Each structure stands twice: as structure tokens, then as C-alpha cells.
Amino acid sequence: MRAVRHGVTALALLFLASLPLQLLTAQNTGTITGRVTDSTTQQSLSGVSIQVVGTARRTLTAEDGTFQLTDVPAGIQQLRASRIGYSLQQQQVTVSAGATANVELALSPHAMMLDAVVATGYGTQSRRDATGSVVAITDQDFNKGVISSPEQLLHGRMAGVQVTMASGEPGAGANIRIRGTSSVRAGNQPLFVVDGVPLTGGPAQPGGPDYGAGTQSPRNPLAFLNPDDIENISVLKDASAAAIYGSRGSNGVVLITTKRGTTGPSMTVSSSMSVSSVAKKLDLLSAGQYVSAGQAAGADPAVINFGATTDWQDQIFRTSATQDHYLSYAERTATGAYHISLGYADENGIIQKASLQRVTARINADRRLLNDRLKFQLSLTGSRINDTYAPVGNTAGFEGNLLGAALQANPTRPVFNPDGSYSQAGDWRNPMAMLAFIDDKAETSRILGSVSTTFDLTSWLSYNLNLGYENTESVRRTGLDSALAASGGFSFLGPTNGRAEINNLYNQSGLIEHTLNLRRSVGGGGIEALAGFSYQRFETRGDWLRAEYFTTNQIPVVDNVDGVNNEAHKAFTAASNRNVDELQSYFGRVNYNYNDRYLVTGNFRVDGSTKFGKNNRYGYFPSLAFAWRLSNEHFFAGLRDKFSDLRLRAGWGKTGNQEFESGVSLALFRTNNDGSLTQVNNPNPDIKWEETAQWGVGLDYELSSGRVGGSFDYFNKTTTNLIFRTDYAQPAAVDYQWVNLPGDVVNKGAEIAVYALPVRSSRLSWRVDYNMSFLHNVVRNLGTSVNTGQINGQGLSGAYAQRIADGQPLYAFYMRTFLGFDANGLGIYANNEQLSFVGSPIPNMTLGLTNTLTFGRLDVSAFLEGAFGQKVYNNTANAIFLKGNLRNGRNVTTDIAASAESPNNFGEASTRFLEDGDYVRLSNLTIGYDVPVGRLLRGVRNMRIGVTGQNLLVITKYSGYDPEVNTDKSINGVPSLGIDYTAFPRPRTFTFNVRFEL
């Protein structure tokens, strides 16, 4: 875009114009040196952030706690010291021109609430100075154990942030909802920013093909990040904080900061070994129970009894082992720092074959020149992930995917025939044969890097250039051996002698950002201002190939795609695609802090996207927030011995959403076999940005000198101009059009967080972290209804379980109300089988509770989390656990065998299979010990051993494997929520970890 060149030119001219001012101000500066210690232990503190308030002068303390700040403007300055886990401290320092002032600072341990340093987008600040709703956690608060992706680190740890893993599969995707679900059809995932680079979003791997076991979702796109490399995670929850990211901030922003060289030289070595097993098995009929139960249901014992005794759940499940190893080296010098790391993880799932292998490498380097006026930062990570999939799809028919086949397999059938071959027949699928003859693997390579340079034009004005690059290349190879041909649902393999599919995906994005940062003392306060320009380009390419009619099965089909009979058959099918999108942005922010009592923040961002037509290409996203620190007012003096901090916040802002398909404003075409083109859509040049306006109020407090802290927030956000794809009834000239729906989605609720140190001494401490969220979600003024939540099973073609409609929450369950069975064992339904709204998949309350006890070198941490008020639809039971299936030679649970249901009853989608999804989970229990290495291990500074248990206990009424589940059951691209269909079960895991610091 032409504006890129204009922006660079303008900033260059501003840089040149400021040089004379820079030379003048350099003649009236001095130096501050000092040392920071722990007030309790008197030990030196490294990594403490030191800043001269109102200026750009800041640094970190070295390993011995010392620091130096040069070119500090002469006069009386406020020096601020902050570090996670300690109270923030400010001290007045008098700086003389050409002289050095020395200070000694002692920080006190703290409940870690308000003084946490949080990332705010294009910068950081103490949370006590943040006007928006921002929260951060560091590596000491992360969830422990087997962690595949960053979202799992903060699962349940933050009020208003709900993380739901799609399943227990290694590297499974996650649904992250910050203050509710807002969009009907566009994306609801937050924006992830890693070390200042906004990620592309969307899948990093191709989805799996549907070969009769259902489609499979790609695995988590964030799995390329090694959790051991992450220093902290900040979440911008409200629009007043997220508006700085404009069009990509409507679902919140997650800012991930990786570790840099703050101390050193130091080396960290960490090694973990884990053992996982299925946390719960379903109570199916055993071989001894099955024949008599089948006979009672009307089956012929001679037909259904094959004489074997097979527990099919035991056949597909396994006790799996996982290993994770990490090595890093960090060093900080007088003019720079660097952090280098290598990681290897081999995670095996509790279902046979499922696994994830990951190799990561990261380099973070910092360099300071010209008396710290010029700074360079390099952040570079590379990863290689090898995934192996078990055939567990989302949309399998009544024959079932691997898990569905195992649950309904006749327990008297043998795994093998007498000759050693797999037992297979046309009316059932042998799960072990599926594992043996389906080969599904993906290989993904990913690079994320950024180079940033900052130049202090004056003591109060700096310029930053940030260049970012992201590249992903992934190939997924799926092969089906012709040996599956005899198994039900795979009959297409017979004439084709096998099938191979190769699917490639390439994602690439480039980022260039220019920012000017100003920090000055103005009147009785300090002002911080930011102005910037950003340009980001996204390119996605893909190609796909299917090969059939193989001439031999002696070579794996995915390694022999040219070994087909293409003369007699159409052996190849292929396709390719390419999309390019661009985003150009102008943004600014102003923070003003008057006398540490009144704080105001204003943001404004203008985004232009090629996804929109010429009539509405640009979106405008403002925000304004205000905070009032009552504890610093004169009238509050009498309460200062009780309240160390008390602050009110209020904010409003507007953010946008552009996460939908490219080119909707243009006419799109598909090619026909004769070479002609057919238009597929009705272009809409007037389509608008989906916008979310949010306002909220909050209260932050600290009591007892920081030993108790907390916050309360109320929010109300409304999403309008809902982007939606309208499909036309066929036959029609075109298939669809993207439009803005007239309605809106409202999320409102409250969040409570409490942090406390009830006991704090040199030998014993007890820390409590508690969060609770309440949420109400509703759709208004839509004027139409949209069905989603596809339900699968025999005879259920076209069935759905959810409807989006006015007056209801998004994805509300919509179905018949089941009343029981009549005298003949047939289902009875209320209101003449009319469909009605019967519940929501969205929890109206979530909570998280962590208790951490430290006694000397021993520490114990227990984390409980829960969700309440939501429903879960058990599509697994709807498709499999029916009395008619028992009569037809398939297995069921013991309660179905004993029920009054008739084998002739049809299992309609109804509240019979809609269950309470409430749960309380002992999610994480960690016991750690700091080994007193002393003279035993020369060169070892610290050694820690730990044992962690994950998913140890779940209290729930849900009858399936786990109530925290979300199988993708979308219809025509409209998402679903809260449906369980043969999802990969969540494991119970025990991890042993050893960590050295050298």
C-alpha cells in the first residue's frame, strides 16, 4: 500500500528534526546507580524493572541486584522499582548534571495482585496503573504437568477467561472465550500476540479427510510454542485495553512474552517423565452380560455370540508415557543479553497411535549501544511438530469412528481370526483393524521471528521499528490400506485397492510497525503517549491430492501415489487454492497519571482491511478509560493503615472482528470440467466490520500491606453488524452471500478475584488465589433463526440440536422434551413432539481456586476449577446407547440394557441425551522440593524435584467421559458448542520433573 511509504518517510523526517534537540538535552543529564534487595532475606534481587517515572529511562537489575541508568534529566526524579511477587516501590532521587546519584532499594514480598507487570500492547506497565481490565500470570503460576500449548497454562487461572479443550488428544485445539461468546459466524478466538507479533490465527495444519470415520479438526496452532520458553501471559479483557489492536481485538487479546536474558550467565536443565491413563471408562456390558441382555432385547443368542471375551475399551486405550526435556542458557552483560533454548517433547495419547512430537529452538537477544540510546531486540523461534492421528473424527456415521466402533463392538467378538488376521465383517468395524490399516500423520514446520530497534531521540521521546515474520508449512498424509475393505463403511476400498490423500497448507505473514513513544512529566503528573503505523500481509496457500486404484498393496499407499492404474480409471483428484489479505493500521494511545491519583487512558485505532469492499474498508476503534486512586486522597488518610491501595476504574471502547473468509465483497468463481466458470456468490461491497462496544467498571484493592488483594469487575459488551453467510435455496443463480445481520449479541457479567497471603514467615507461607466469573449471554433483534449442532447416528441425517434465535443465548439447545417411555417402551415427548429451547451450553458461572503452601524447601500447590449452569449434549449416547442397538448385535451401557426402552424405539434428538455439564475438577496437584545441593553437586546453584498430578478428580453428573468437551458439530460453517460425540477422553496424568540451574 502507498501509505506504507508515506508513513516511513514521515517518521524519518521526524527523526532527523529531533537530532538537534537530542544534542541539547544530552548536556543536562546525570546518572543513577544502585542496588535492590529482598527486605526479608536481604538477598540481591535480579530482574527488577527500574524506571525513571515520566521518561524513557529504564533498565533491569543484574544478578547481584545492581543497576545503572545514564542520561537521566537533571532535577528531582521519581525512581520506580517493580518485580513480580514484590510490592512496587518509588523513591525520590535528586539528579545533578554530570554527577552520579546512588540509591539502595529493598522490596517486600507481596500478594502479587496489583503490582504485577502486565503487557498492554506496544508496551508494559504496572497493573496498579492500568485503567483497563488487564490481568497477567507468570511461570510460577502456570499449570504444571503435560502442557501441549500455551492456553493450558492459564486454564482456570483468570476470572473471565474460559479455556475449554476440545478433547484429551495430544495437541488438541482449545476454545478460549474472554468475557463470553460474541460472534455468530465470525471467529470467537482472541488475538494472540507473541513478543509483539500478532499471529495469523486460523489452523496451522490441514484438516483430515472424511474416509468414513468422520472429519478431524487440525490440532492446536499454538502448539509450536514451548511452554518452558514463556515468561508471562497478559490478557486484555475489556475494549478499553484491547482497542489498541482495533479490528482484531473484539474477542480479547492474549499477549505472550518469552524469556530473555535478565541474569547470568546461567543454564537451566529440565527433564520430565509422565504416565497417563484414561480417567474414566464407560460402564459397558461385559461378554458375560451381553448375550443374555441381547436375548432379552430380542436378539438370537446363536447369532450374537461369537465365543470370545473382549473389552474393546481396553483394546484401544493404553497407559502412555510422555517425556519432555528443556535446555536453556542465558546471560546478561553491560551492553546486552541473550537467551537460547532447545526443547524436545514426545507426548503419547491414551488411545493407541495418537501422539505428538515437538522440537523447538529459540533465540532471544538484546543489544544496547550509544549509552543505551540505541537498542536492538531479536526474537526467533523455530519448531517441528510430527503428529500421528488415531481415526477419531467428529462426524462419523452409525458405524462409528475408532472410539464409536469400540464402544458398540460386540464383546464376544475376537480381535483376530484363528489364522492371525483381523476379524472383520460387513456389519461391524474392528477398532484394532482401523488402527492397523489407517495411517494418518502430519508434519508441521513453523518459524516466528521479529527484529525490533528502539532509538531514544531525547530523554523523553523514542522511535521503534518492529519487523515480524511468520511462516508455516504443513503436510498431512492419510493412507487407507485395502485390507479394510471387508469392514463396514469402507467398502469403497475394495475396487480402489486403497486410498491415499496428501494435503499441504502454507501460511505466511509479514509485519512492519513504526511507533513513537513519549514519556514526560506534565504539571503534577506524567504523560505517556504512543503513535504508530502498522502493516501486515497474510498469505494462505493449499493443495490437495487423492490417489486411488493402486496396483499393489506391498508399499504403503502414501509412499506410492504414482503406483496407480490411471489408464483404466480416474485415479487422481486434486485441487489448490490461494488467498492474500492485507491489514493497514494507524493507532495511538495517551496515558496520563496525575499525582498518582487520577489516571486516564485513551486509545484510537484505524484499520483498513482488504477483506471488505471499497464502501466500508476502514474501521474506527476508539476507547477511553479512567481510574481514581482513592487511597492517595487526603480524605482517605485515616484508612491507609488498612488499605494500602484502593482504586476505582471505568472504561468504554469499541473493537472489531474480521475473522471470516476472504473476498466476500468480490464475485468469486469456480471452474467447471469444460473450462467454463460459474459464479458462486453474490458480492457485497457494503459489508461492514463486525463491532463490539464494551463498557465496564472495576474496583481494585489491597489490604494489610499487600497481604490481601483483589478486584471486582462488571462488564457489558454488545456485538453488532454480525457477519454471516446466507445460503440461498437451490436452484439459484449463486450459492450464497455474506451479509451483516441486523441483530446483536450481548454479554454481561461480573468477575471477582482475590489474592491473599494468610500466613507469611521465613519458614511457612500460605498463598490463596481465587477467581469467579458470572456471565449472561443473549441474542437480540436478529429477526431470523439459524440452526447448528449437527447430530450424528443411524437415522439421524439432518438432525440438529441447537438454534440461534432472539431472546436466547448463542447456540441454545433446541429439541424435543423427553418425558420417559410409555407402556410399550416407546419415547414420550412433551407438546406433541414440538421443539423448544431447553438450555445453554455456556456456563453462567466459572471458578478457580489455588492453594499454595510452602514449608522451608517443600511446597504443595492444589488447583481446583469448575463450571456451572451449562448443558452438554451426549451425541455418543444418542447414536450408540439405544436398546435397538443391543438387539442388532451392538453393545450398550448397563443402564440401557436394564431400562424400560423398547428395541423398536427410535432415538430422536431430545432432552433424553441433554445432561447437566456442571463439574468441579481437581485439575492440578504439585508437590515440589528444593534440594539443598550445597557442596554435593559442584556448579549447581539450584535443584528442584517435583511430582504433579493432572485431572485427578472430577465431580459431575455427566455420564460421558468428561463434561468439559466441545466436538465440532458445525453446520454450514456456523459453530456449535457443548456437544460430545465420541471425543478423545481426557487422561489422568502423573509427572515427575527434575530441574537444575547451573
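1. Arg-219 sits over the face of Tyr-389, 4.4 Å from the ring centre. Arg-476 also lies over the face of Tyr-389, at 3.6 Å from the ring centre. Please keep in mind that this is a predicted model.

2. On aromatic contacts: the structure holds 17 aromatic pairs. One of them is worth a look. The ring centres of Phe-317 and Tyr-961 are 6.0 Å apart and the planes stand at 90°, so this pair counts as edge-to-face; the cut-off for that class is over 60 degrees.

3. The Phe-317 and Tyr-961 pair joins distant parts of the chain, with the two positions 644 residues apart. Phe-317 is in the loop between helix H5 (312-316) and strand S18 (320-332). Tyr-961 is in the loop between S49 and strand S50 (979-980). Both Phe-317 and Tyr-961 are buried.

4. There is also an aromatic cluster. Phe-416, Tyr-422 and Phe-437 make it up.

5. Now the internal space. Searching the whole structure gives 11 cavities of 30 Å³ or more. The largest cavity has a volume of about 450 Å³. Its lining counts 28 residues, and those closest to the centre are Val-146, Gln-152, Gln-950, Arg-986 and Pro-987.

6. Which elements give two or more residues to the lining of the largest cavity? They are strands S19 (336-348), S48 (919-931), S49 (942-956) and S51 (987-997). S48 gives the most, with 3 residues.

7. By class, the lining of the largest cavity has 16 polar, 7 nonpolar and 5 charged residues. Arg-986 is among the residues closest to the centre of this cavity.

8. The second largest cavity has a volume of about 360 Å³. It is lined by 32 residues. Closest to the centre of the second largest cavity are Gln-162, Val-163, Thr-164, Pro-843 and Ala-867.

9. The elements giving two or more residues to the lining of the second largest cavity are strands S11 (161-165), S12 (174-178), S37 (764-780), S44 (845-855), S45 (858-868) and S46 (871-874). S11 gives the most, with 4 residues.

10. How many nonpolar, polar and charged residues are in the lining of the second largest cavity? By class, that lining has 13 nonpolar, 15 polar and 4 charged residues. For the largest cavity, the nonpolar count is 7 and the polar count is 16.

Terms used. Residues numbered from 1 in each chain as written. Predicted model: local features only at pLDDT ≥ 70, side-chain atom pairs only at ≥ 80, totals over all residues. Heavy atoms only, no water. 1 Å grid on protein atoms, 1.4 Å probe; cavity = no way out; pocket = protein on both sides within 12 Å on 5 of 7 lines; lining within 4 Å. Points joined across faces, edges and corners; volume = space filled by probe spheres on them. Nonpolar A, V, L, I, M, F, W, Y, C, P; charged D, E, K, R; others polar. Phe/Tyr/Trp six-rings, centres within 6.5 Å; stacked < 30°, edge-to-face > 60°. Buried < 20%, exposed > 50% of the residue type's maximum accessible area, 1.4 Å probe, protein only. Lys NZ or Arg CZ within 6 Å of the ring centre and 35° of its normal.
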